[in-house]
Each structure stands twice: as C-alpha cells, then as structure tokens.
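Q: I'd like to learn how to read a few features off a model at the bench. Can we go through them one at a time?

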Amino acid sequence: MFRQLFIVISLAYFVYSAPQGADKYEAYQYQYEVKDPEKQLFFDKNEAGDASGKVSGQYSVWLPDGRLMTVKYSVDKESGYVSDVDFKENANPLSG
C-alpha cells in the first residue's frame, strides 16, 4: 500500500530584496504543512515579512513523546530574534 504523506505547500512569496546599502524590503508570506499518519509525523511553519524588514511567524513540531511544540517568533532591527516556546501535552495534530 502507498504511504499517505500529505504535504501542503502554499507559497505566496515575494522575493526579498535589499539593494546594497539600503534598508528596503519587500513583503512576503509562506507556509507549509507536512502530515504522515503512518509515521506519526507532523510539522508546519508560516512566516511573513513586511516592507520595514520585520518578520514574524511560527512553527510546530509533533515530538516523539506526544507533545506538540510551537515556537512563535519575531525578528526586527531593534529587538533582534525574540521567541516564545509552548508545549501542548498529549496533542494529536493528525486527528481533525
């Protein structure tokens, strides 16, 4: 039988470009999700950047111990990389 591997990739991606010496950015967005019930595998990510260079996003990984780890983050010139990690006990992102 065929393994069921669901890969959902949605890209709305505008190429990041910053001319030399200038602080100009283009907005972009992307997201993806991978689900494999047979291997009990799940991970996803989404991210967006704006014209000021600020980036925000999150990603999740279903850990072998059954917890779902989610990392929310932002990046900007003043604060750098700032993240918040959360764990959800007994999660099953494959159901539903």
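A: Sure. A salt bridge is a side-chain nitrogen of Lys or Arg within 4 Å of a carboxyl oxygen of Asp or Glu. Keep in mind that this is a predicted model.

Q: How many salt bridges does that rule give here?
A: The general idea is that side chains of opposite charge can pair when their charged atoms come close. In this structure the count is 2 salt bridges. One joins Glu 47 and Lys 45, with the closest N and O atoms 3.7 Å apart. In the other, Asp 65 meets Arg 67, and there the closest N and O atoms are 2.8 Å apart.

Q: Is Glu 47 buried or exposed? And what about Asp 65?
A: Buried means under 20% relative accessible area, exposed means over 50%, and partly exposed is in between. Glu 47 has 13% relative accessibility, so it counts as buried. Its partner Lys 45 is at 19%, so Lys 45 is buried as well. Asp 65, at 49%, counts as partly exposed, and Arg 67, at 23%, is also partly exposed.

Q: Which side chain of opposite charge is nearest to Asp 36?
A: That would be Lys 39, 4.7 Å away. Asp 36 is buried yet has no salt bridge. Asp 36 sits in strand 2, residues 28–36. A polar atom of the Asp 36 side chain does lie 3.2 Å from the backbone nitrogen of Glu 38.

Q: In what sense do strand 2 and strand 3 pair?
A: They pair in the antiparallel sense, over 9 bridges. To see one on screen, find Lys 35: its bridge partner in strand 3 is Phe 42. The hairpin of these two strands has 4 residues between the strands, and in it Gln 40 takes a positive phi near 55°.

Q: How many bridges join strand 3 to strand 4?
A: There are 7 bridges, and the two strands run antiparallel. Look for Asp 44, which stands opposite Ser 60 in strand 4. This hairpin has 5 residues between the strands, with Gly 53 at a positive phi near 95°.

Q: Where is Asn 46, and which residues is it in contact with?
A: Asn 46 is in strand 3, residues 41–49. Leaving aside neighbours within four places in sequence, the contacts of Asn 46 include Gln 58, Tyr 30 and Tyr 73. Asn 46 and Gln 58 are 12 residues apart in sequence, yet 5.7 Å apart in space, C-alpha to C-alpha. Asn 46 is partly exposed because its relative accessibility is 31%.

Q: How many aromatic pairs does a search of the whole structure find?
A: A pair of aromatic rings is described by the distance of the centres and the angle of the planes. The search finds 3 aromatic pairs. One of them, Tyr 32 with Phe 43, is edge-to-face, at 6.3 Å centre to centre and 80° between the planes. Tyr 32 lies in strand 2 and Phe 43 in strand 3, so this pair ties together parts 11 residues apart in sequence. Tyr 59 and Tyr 73 form a tilted pair, at 6.3 Å centre to centre with 50° between the planes. Tyr 59 is in strand 4 and Tyr 73 in strand 5, so that pair ties together parts 14 residues apart in sequence.

Q: Which residues do ring pairs link into a cluster?
A: Tyr 59, Tyr 73 and Tyr 81. Within it, Tyr 73 counts as buried, at 8% relative accessibility, whereas Tyr 59, at 30%, counts as partly exposed.

Notes. Residues are numbered from 1 along each chain as its sequence is written. This is a predicted model: local features need pLDDT of at least 70, side-chain atom pairs count only at pLDDT 80 or more; totals for chains, interfaces and linings use all residues. Side-chain values use heavy atoms; hydrogens and water are left out. Buried means under 20% relative accessible area, exposed over 50%, partly exposed in between (1.4 Å probe, protein chains only). Contact means heavy atoms within 4.5 Å. Lys and Arg count as positive and Asp and Glu as negative; His and the chain ends are not counted. A polar contact is a pair of N or O atoms within 3.5 Å; within protein, one must be able to donate a hydrogen and the other to accept it, and residues adjacent in sequence count only if both atoms are side-chain atoms. Rings of Phe, Tyr and Trp (its six-membered ring) pair if their centres lie within 6.5 Å; planes under 30 degrees apart count as stacked, over 60 as edge-to-face and the rest as tilted. Two strands pair if DSSP finds at least two bridges between them.
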